[in-house]
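This report describes strand pairing and two backbone features in one protein model. The sequence and structure come first, and the description follows.

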Amino acid sequence: MKKIVLALAVIATVACFSSCNKHCTCKTYVAGVVTTTTEDVELDKDTYKKCSDMNTIVTVAGTKNGLECE
C-alpha cells in the first residue's frame, strides 16, 4: 500500500511540473524609453526555451527599440 501511495505522489508531482507554465516580464522600448511593461506573459515552450529568446531589441545609435523580456 505504501508503494502505491508513493507512486501516485511521484506521478502527481511530475504532472504538476510538466503542466506549469513559465511567465515573463516584458518591456517595450521606443527611442530608448520604456513605453509599456507587461508582467505575467506566458512563455510559449514550443517556440522559446527562455524569456530572453522572445527579445526583439534593435539598438540604433545607442538607442533601444523593441521588446525585452526577462
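## The β1-β2 hairpin

Strand β1 (residues 23-30) is paired with strand β2 (residues 33-42) in the antiparallel sense, and seven bridges join them; strands here are DSSP runs of E with at least two residues, numbered from the N terminus, and two strands pair if DSSP finds at least two bridges between them. Within this pairing, His23 has Glu42 of β2 as its bridge partner, while Cys24 stands opposite Val41 in β2. The two strands form a hairpin with two residues between them.

The model is predicted, with local features requiring pLDDT of at least 70 and side-chain atom pairs pLDDT 80 or more, whereas totals for chains, interfaces and linings use all residues. Residues are numbered from 1 along each chain as its sequence is written, and side-chain values use heavy atoms, with hydrogens and water left out.

## The open sheet

Four strands form an open sheet in the order β2-β1-β4-β3, with antiparallel pairing. Its edge strands are β2 and β3 (58-60), each of which pairs on one side only. Strands of a sheet pair through backbone hydrogen bonds, either parallel or antiparallel.

## Two alanines with positive phi

Most residues other than glycine have a negative phi. Ala31, in the loop between β1 and β2, nevertheless has a positive phi near 55 degrees, and this residue is exposed (over 50% relative accessible area, 1.4 Å probe, protein chains only), with a value of 52%.

Ala61, which lies in the loop between β3 and β4 (63-69), also has a positive phi of about 55 degrees although it is not a glycine; at 79% relative accessibility, Ala61 counts as exposed.

Key: Buried < 20%, exposed > 50% of the residue type's maximum accessible area, 1.4 Å probe, protein only.
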